[in-house]
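Have a look at this structure with me, and let's ask how each label is earned.

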Amino acid sequence: MAGNYSWPPMETRRQIGKSYTRFDGIEKSTGRAKYSSDLNRPGMLQTAMLTSPYAHARIKSIDTSAASKMAGVTGIRVINGAGSEVNWQSQEIAIVAATSEQAARDAVRAIKIEYEVLAHVVKEDDLSKVGDRATPAGEQVTGDPDKAFKEAEVISEGQYGIPVLTHCCLEPHGQVIEWKGDVINFWPSTQNVSGIGGDLAKNLELPATQVKVHMDHVGGGFGSKFPSDRWGVESARLSKESGGRPVKLFLDRATELNIGGNRPSHFAKIKMAAKKDGTVTGWESTSWSTGGMGGGGMAPLPYVLTNIPNKRLNHTAVKTNGGPLRAWRAPNHPQASFLTCAALEDLSAKLGMSPLDVLAKNVQWAAEARRDTYMEQIKIAREKSGWDKLWHRRGDSGSGVVKRGLGLGMCTWGGAGHLSNCNATIHPDGSVEVELGSQDIGTGTRTIIAQVAAETLGLGIREVKVKIGDNAFPPSNASGGSTTVGGVSSSTRIACVNALDKLMEKVASSLGAQPDDLVAVDGKIQVKNTPAKSMTWKAACQKLGTQSITESGRNDPRNPRGLNTQGVAGIQVADVSVDTETGVVRMNKLVAVQDCGLIVNPRLAESQIYGACIMSICGALMEERIMDAQTGRVLNPDMEFYKLAGISDIGEIEVILNISPEHDKRGIVGLGEPPTIGGIAAIANAVANAIGVRVPMVPLTPDRVLAALEERRA
Amino acid sequence: MSKIHEEQDGKAQAKGGFSRRGFLRGVGATSGAVGSALLTEEQAEAAQGGSPSMGPGAVPVTLNINGKEQKVNVEPRVTLLDACRNSLDLTGAKRVCDRGTCGACTMIMNGKVVYACTVLAIDAQGKQIQTIEGLGTPQKPHPVSAAFVNNDAQQCGYCTPGFVMAAKGFLDRTPKPTYEQVKAGLGGNLCRCGTYVGVRKAVLEASKMKA
Amino acid sequence: MQAFEYANPTSLKEAVGMLSSARGEAEVLAGGTDLISAMKDYLVTPKKVVNIKGIKELGGIRKAGSNLRIGAAATLDELTALPLVRSEYPSLYQAAMGVTSPQIRNMGTVGGDLCQRNRCWYFRQGFGLLGKDKSGKSLAPMGENKYHAIFPEPPAYFVSASSFGPALIALGAKLKVTGPNGDRELDAAQFFVAPKDDNGREIALAANEILTEILVPSAKGVKNATYEVRQKDALDWPLATASVALWMKGNKVDKARIVLGHVGPTPVVAEAAAAALQGKTITADVATEAGRAAVANAKPLSGNSYKLQLTRVAVKRALMQAAGVRA
C-alpha cells in the first residue's frame, strides 16, 4: 500500500463523492463567519482614499496640510503627488488614516488638489475613433483562407461585441494590516493566501518572512484578488507610521467597480466559409479589445474549433483610460465563446440548419481529446433542452408578441490542479489536522479537503480538522484557473497517505501483519479483507505514544500522479422568451451539460455550475460598464445601473454533470470556470433564434433588442 | 393607522419657529463647521421646550438590538449598519453597495426588513432591531440559516446574512409561500456568486420547518 | 456624508420651523432610501436633517370623506397592505409593487417617492442637478442617455424618478404642503417641475415646506392601471411607465387621463392620447392608437428613441389592463 496515492475505486469510496453540506456553511448563514472586512481590532484606524475624478490628468499640486490637521487624522500617504499623471478615473492619489471612517472621509475632502485635465479615450466600440490608442498585433494566417473563401459554398459574416464587465465582488478589495516592529500581520481579502504576503513584502522591500497572512473567508474574487495592491502597501506604511496600529481599508463600491478589476471587452468582425452541409472551411476575424491602458489581448479565436484549416486573424489592442483589467473567471473565454458561437449560429441560420447539427459537423475541428465528449454532450443537450420540440428556424417563432427561442454555447477549459503542499498530522489522541496555505473562494475548499483526508484515513469528515487561510501553512497556489480542488485534493491525498503509512508501520506488529496489508476504513485499522483483525483508529493512534506524525504531500503540476488532470468540454443551451414590443428578454431555462473528472462533492460542484450559469445570464442580459466619452467617467459604478440579475431574473437552470467511472478515472479536473463561458453565447443565440435577427452587442438590453428588431423590419 | 391632528394651530406656531431657526442657521451656514454660538443658541431653545437638535458631533445613541439595549456614541450621520459593524462588532450584516440596492445589510426593524445602510443609527432608536446575530447561533441555527446550509444557498457567503434576514422577514409575512412568491419576495437582495437556485430551495424548505 | 445636526420633531409646526428657506441648508428625512445615499454621494450636504417620521399627522392612510388620504410618511408597504388600494386604486398598487424590493417598500414613503431626487447618472456622478460640464454644456444630449428623457425640458434631460406621480396625476390627486406661511394644496401635476438651474428642484416644494398628505379622489368606477416596462424583474428602475384612469359611460370612455412616467423631467400628461379615447370602447387597436398619440410630441435624444416604443407599449398595456381587455 505504501505510497499508493491513487484515488480509491469509485465503488469503495466512503467520503469522496458524497454531497456533504459545506463545512463553513453554518458560520456564514448565521453571520458569524469573519471576513477580513469584518475585523475590528483594538486601536484600529480607518481610512478613506482620494482617487482621481478624471480619466486622464496630471496632478499640478496637492496640499494635504489642512487635512492632516483635522480632528482624528493620524496619517496621510500620497500615492500620486504633484507632477504625476493619472490614467483612469478612481486611480489612487492619497490615503488618509483616521480614528473613524467619517474623519477619514472628511479629511479626504479637505485635501486641496489641482489637476491639469488631459485628453482621454474611454470608448472602443468604434475602432475608427480610437486614433493612436490602437496597437495592431499583426496578422496570423493558417492554411489558405483566400482559397477557402473563394471556394466556399456559403459565406456568413457578422460583427459582434461584448463590453467591459467589472468583477463587482461583494466584499470589496482591501485589508486590515498591522505593522509592528519586524512583523506585518496582514488580513487581506484574497484568492492568494500563500502568495500575497510575498507580493506585499516585495512592494515594501522586506523579506517575505516578515509578512503573516491570515484570512478565514473571502467575499468573492472571481480572478481579481491576487495582488497586495497599492492600497495594501500604503496601508501597511500608515500602520507603521502610526506606531503599529491596525489600519483598515476596503474600497467603497464605486472605487471597487472602477479599479477593483474588470474583464476586457471584445469586438470582432467574423467571416466564415462553409460547405452547404455546414462544415466550416475558413475563418477570418478582425478583432479588438480593451482592458484599460494595457490594451487587451485576443481571445482564443476561433473558440473550441481551433483546427479550422484556413484562418486569418487580426487583432488590435486598444488602450483606454479605464481601470486596469484583472483576470476574470475564465479569462477571455466567455468573449471567445460568444464571438465564435454567434458567428456559428449566424452561419447555421443562413444555411437553414440547426446549430446543434452545424456544431456536430464541426466538432472535427476541436481538440481531438474532446471531440467525443462534445458529440456526446450535443446529444444530451438536445434531449434536456427539448431541442427537437422547441427549436425552430431563425425567426420562425409564431405571430405572438412574445417569441421563444433556443440557442447554443460551448466551453472548454484546462483546470489541472495547481502546485499545492499539505501537512497532515495524526495525533496520539486520534485527532487529525491537515494544513494548507489555501483559501475557500466559495468553492467549498475546506469541505473538499476534509472529504479527501477522511476518505484516506477511514474517518468521518468531522474528525478531520482542516486549517487553511494562513501563510504559515504549507504553500498552495492562488485560487485561479479552476485549479484549487485538483491541487488541494491531490496534496491532501498524498500527505494523508504518507501519514497513514507511518501509522501503519507503528501498529502493524500489534495486528500481526505487515504495514502494507493494513487498510484504514470506517474508523478502524484492519487487515485487508479480514475485518476481525482490526483495532479502532483511536487505539491505533495511541500506539504513537507522545509523538504525533506529520507528513507532507505535494501536488506537483508536472507530475500529478494521475490524481488530477486538465481539459473539459461543455455545452449550454438557453431557452428564452423575448417580448418583441419591449425588447425585454426573460430566461426560461439554461441547460448546462458539463464534462468533469472525479467529483469530490457533487453538491458543491453543482453549486459552482449554477453560479457560473447565473453569472453568464448577468453578462448576457444586463451587465455592462458604461463609459462617458465626454467626461471620461464611469457612469454606473454602483449596483443600481451596473445591473446584476436578481433571484427572479434567472429562470430555471438544469445542470447535467456527467459523473461516471469513465470520467472519474481522469482524476480531478477544475470546474469553477468552464460553465461560466458558454452561457452568454447560448442566450444571445437564443434571442437571435427567437426574434429572427442578430442583436450584435451584448448585453441584450431592451434598447439593443428593439433596435435589431427595427432594423429587421426596415 | 394614526389619527390626523388638527393642523390649524400648527400653522401659526410653525411660522414663529421658522423665522428664529432660519436666522440662526444663516449664521452657521457660512462655515463648514457649525459654530459653537449656534449650538449654544439651540441648546437654549431646547431648554425652552422645542426638540433639541443633536450633533453634528458624536451623541449617545441607544439601540435595541436583538432584545438588548446597546449604547453607542456616534455622529448623527452614522448609519445603523456602520454603528453595528464598527461600534458593536455585529458584522454579520455586510456593507456592499452601501446605497440601498443590494440587500447585504438587511436587518429586521420593528418586524420589517430594511436596508441598514440607509437607516441612520440615531433614527433607529426606540425600534426593535434584529440582526443576523439575533437569529440563531451556529450551534442552534434558525431554520432559515439551516435551510441555507442544507441547500447550499451560499458560496462566498458575503450576501448570505442579508439574504437570510430577507428570507426570515419574508417568511414571517408569508409563512407558506409559493415558488413564485419566494422569487417576488426576495427581489431586494443581490448575489454575485449565483446562489439563487439554492436560495429558492432553502426558503421553500424553511417554510416547511417549524421555527 | 457631511456631518449634520439631526432633529426629531414630533409636530409639523416644529418641523417646519427647523427648515430653512435657503435650499440645501436642511433636508427632510422620511424613509431615507434616497436621502441617505444622496448625502453619502455629497449630492446634498445639509447642515441639518429633520426626521419627520415622528410626526403623527404625517402617517396613516384612510378614507377622508370620498378621498383616500395618504399621509406623506406612510410607507409603500402600508399602502399596498390596504385592500381598498388594491380594489379601487390598482394603479397605485401596481406602481408600489413595481418597486420590487420589500426593503424599499418597508422603508420608503409615498411622500418620499414624490420628493426623491432623479437618478440621472450625470447628476449622481456630481455634475450638478442638470448634469453639465464646466463650460455649462448639458452632458446628457450628446452622452449616454438611454435612461434619459424623451420629453426633455431643456436644460432638464433627466427623468422624474417617482413611481406614484403618474398614477396620482391620472387619478386627479391633490397634494397638501405646509410651510412657514401655512398650508397650500396643489394638483399632483403642479407638484412636479423641470428645474431651470442647478439650484432648483424636481418638485414645487420650497426649501422650508413639507409635503404632508396626498388626497386621492374616489376611484370607484374609475378604471385605472399602471404599467411599467422594467428590464429586470427584481429591483430595477422602470424604463417607461404609463398610468391611466378611465371614467366610463357604459363600455365607452367618457373621460380619460393618461400620464407617462420615466420619460420626462416630470410625469408627462398625454392629453391628446386621452382625448382620442373619448367615446370609444377600449380595444387593442384603440389602445395601440392611444400609445402612438402619447409620444407624438416626444423629442428623443441620441440614444433613447427606443423609449418611444416602450412608452407606446406601456400606454397600450395600461389601457388594456385598466379596461380588462386581453391582448
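Q: What makes β18-β26-β27-β28 of chain A a sheet, and is it open or closed?
A: This is a predicted model, where local features need pLDDT of at least 70, side-chain atom pairs count only at pLDDT 80 or more, and totals for chains, interfaces and linings use all residues. Residues are numbered from 1 along each chain as its sequence is written, while chains are lettered from A and ligands numbered from 1 in the order in which they are written. Two strands pair if DSSP finds at least two bridges between them. The 4 strands in the order β18-β26-β27-β28 (chain A) form an open sheet with mixed pairing.

Q: Why are β18 and β28 of chain A called edge strands?
A: Each of them, β18 (402-413) and β28 (652-657) of chain A, pairs on one side only.

Q: How do you know that β18(A) and β26 of chain A pair?
A: They share 12 bridges in the antiparallel sense, with β26 covering residues 568-579 of chain A. The rule asks for at least two bridges, so this counts as a pair. Across this pair, A:Thr412 stands opposite A:Ala569 in β26(A).

Q: What is counted as a helix or a strand in chain A?
A: Helices (H or I, at least four residues) and strands (E, at least two) are DSSP runs, numbered from the N terminus. Chain A has 18 helices and 28 strands.

Q: How do you know that the radius of gyration of chain A agrees with a compact globule?
A: The radius is taken over C-alpha atoms, and the globule rule is 2.2 Å times the number of residues to the power 0.38. For 714 residues a compact globule would come near 27 Å; chain A has 28 Å, which agrees.

Q: What makes a residue of chain A buried, and what percentage of its 714 residues are buried?
A: A residue is buried if 20 or more other C-beta atoms, placed from the backbone, lie within 10 Å of its own. Buried residues make up 62% of the 714 in chain A.

Q: What makes a nonpolar core, and how many residues has the largest?
A: A nonpolar core is a set of buried Ala, Val, Leu, Ile, Met, Phe, Trp, Tyr and Cys residues joined through C-beta atoms within 7 Å. The largest has 397 residues, and A:Val96 is one of those with the most contacts inside it. Helix α15 (residues 602-621) of chain A gives the largest share of this core, 12 residues.

Key
Buried ≥ 20, exposed ≤ 12 C-beta atoms within 10 Å, placed from the backbone.
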